[in-house]
Amino acid sequence: MIVAMASYRAVMLTRKGGPEVLEPVELPMTEPGPHEVRVAVRATGAGGTDILMRRGRYGFAPPIPFVPGYEVVGEVELLGEGVSGLRVGQRVAALVVHGGYAEKIVRPASEFVPVPEGLDDAEVVALILNYVTAYQAMHRVARVQAGQTALVTGANGGVGTAALELLRVAGVRAIGAASTAHHGVVRALGATPVSSRDAPIDAGVRAIVPEGVDAAFDGLGGRFVRQCIRATRRGGIVVGYGFSGTMRDNVPSRWAPVRGFAALFLGAPLAGRRGRFYGITLRYRKDPQPFREDLTKLFTLLAEGKIRPPIAARLPLLAAREANEMLERGGVGGKIVHLR
């Protein structure tokens, strides 16, 4: 008698290219090894790193082919030998970097953070990458204080909207740089909008805060780094965390990020500002404990209603192509999430 092998559905990144390289596949079910758990995925998210991975420009991606999907929320389905602190049926969240576009995922139990009851899966997904990035850039790098002022570029994006919300919670006056079409999003999050396209960002900021902001958080990179430096007061800090402004026809520029790094690490000190770069994955791999601590704090803020992640779209769990097409069209306000 032939016994059919159990399988699950996933989306595979098969080669470099556009959204069409994301292909649905059936994969054999795997058992968790010692200190691992198998999780039934309830939700995953889409973001700019998906584009970088597809184009072969993301250093933390495994060799192609692989299953993408940066963050997951799911239910513990099976415990491997030696696992403690988690139970079958428990809802958990993790920053997995790849593997999220799948119905199942097997990872070390230490990667998963328990999710409190009563929280929405889509909003929890938004916290894992976007809000932890914003929170750590603010509190572990810039160390913002109540009463200060801050600039956020790409303010309508996933990390940008997170930063605006968290700055409001921290008592920091926020200025959000975005295209005019998204100024309503910026205002709704308690920030003052300035244009990111019609004029240099620093001109708009200096019209509001003539002395410059205390901190700038830049997710655009390239030429925008210099604008952030000019928008920041002497002695202030510019924190770079992304390169979305260096894309040309949805292809990452090779040299624009280099020029942005030069401005951040050389230009900022020469101008009397501090320049720092923040990368959530690099920090997490060096020491995952701050991530666990900060995600837990964000769960509390969400439960208390102090933050409410903007959700741009709720798509089926494996609708990776559709999400990537939305990202490449641009203009997404908030987080794209996939739900089972």
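**Exercise 1. Backbone oddities**

Where is the place of H35? Then look at the backbone of H35, R143 and P65 in this predicted model.

*Solution.*
Step 1. H35 lies in the loop between β2 (22–28) and β3 (36–46).
Step 2. Read its phi. For H35 the value is near 65°, which is positive in a residue other than glycine.
Step 3. Go to R143. This residue sits in the loop between α2 and β8. Its phi is positive too, about 55°, and R143 is not a glycine.
Step 4. Check the surface. R143 has 55% relative accessibility, so it counts as exposed. The cut-off for exposed is over 50%.
Step 5. Turn to P65, in the loop between α1 (48–54) and β4 (71–79). The peptide bond from I64 to P65 is cis, and its omega is near 5°.

**Exercise 2. Two packed helices**

Describe how α2 and α3 pack. Which residues make the contact?

*Solution.*
Step 1. Recall the description. Two packed helices are described by the angle between their axes and the distance between the axes.
Step 2. Find the helices. Helix α2 covers residues 121–142, and helix α3 covers residues 158–169.
Step 3. Read both values. The angle is about 55°, and the axes are 8 Å apart. That angle makes α2 oblique to α3.
Step 4. Add the handedness. The crossing of α2 past α3 is right-handed.
Step 5. List the contact. From α2 come N130, Y131, T133, A134, Y135 and M138. From α3 come G158, V159, T161, A162, A163, E165, L166 and L167.
Step 6. Sort these residues by type. The contact of α2 with α3 holds 9 nonpolar, 4 polar and 1 charged.

**Exercise 3. The open sheet**

What is the order of the strands in the open sheet of 6 strands? Which strands stand at the edges?

*Solution.*
Step 1. Write the order: β10-β9-β8-β11-β12-β15, with parallel pairing.
Step 2. Find the edges. β10 (192–195) and β15 (274–277) each have a single partner strand, so one side of each is left without a neighbour in the sheet.
Step 3. Note the twist. Neighbouring strands are turned by 20° against each other on average, direction ignored.
Step 4. Add the helices. α2 packs on the sheet and touches β11 (213–218), β12 (232–240) and β15. The direction of α2 makes about 130° with that of β12. Helix α5 (residues 201–208) also packs on the sheet, touching β8, β9, β10, β11 and β12. The direction of α5 makes about 145° with that of β10.
Step 5. Zoom in on one pair. Strand β8 (residues 149–152) and β9 run parallel, joined by 4 bridges. A150 stands opposite A174 in β9, and L151 has I175 as its bridge partner.

**Exercise 4. Buried or exposed?**

Does N156 count as buried or exposed? How many residues are buried in β9 and in α6?

*Solution.*
Step 1. Locate N156 in the loop between β8 and α3.
Step 2. Apply the cut-off. Buried means under 20% relative accessible area. N156 has 12% relative accessibility, so it counts as buried.
Step 3. Look at its surroundings. Not counting residues up to four places away in sequence, N156 touches T161, A178, H182, G331, V332, G333 and G334.
Step 4. Compare chain and space. N156 and H183 are 27 residues apart along the chain, yet their C-alpha atoms are separated by 8.1 Å.
Step 5. Count in β9 (residues 173–178). Here 5 of its 6 residues are buried.
Step 6. Count in α6 (residues 224–231). Here 6 of its 8 residues are buried. They are F224, V225, Q227, C228, I229 and A231.

Key:
Residues numbered from 1 in each chain as written. Predicted model: local features only at pLDDT ≥ 70, side-chain atom pairs only at ≥ 80, totals over all residues. Heavy atoms only, no water. Axes fitted to C-alpha atoms, helices over the stretch in contact; angles between N-to-C directions. Parallel < 35°, antiparallel > 145°, perpendicular 65-115°, else oblique. Left-handed = near helix turned anticlockwise from the far one by under 90°. Contact = heavy atoms within 4.5 Å. Nonpolar A, V, L, I, M, F, W, Y, C, P; charged D, E, K, R; others polar. Buried < 20%, exposed > 50% of the residue type's maximum accessible area, 1.4 Å probe, protein only. Pairing = 2+ DSSP bridges.
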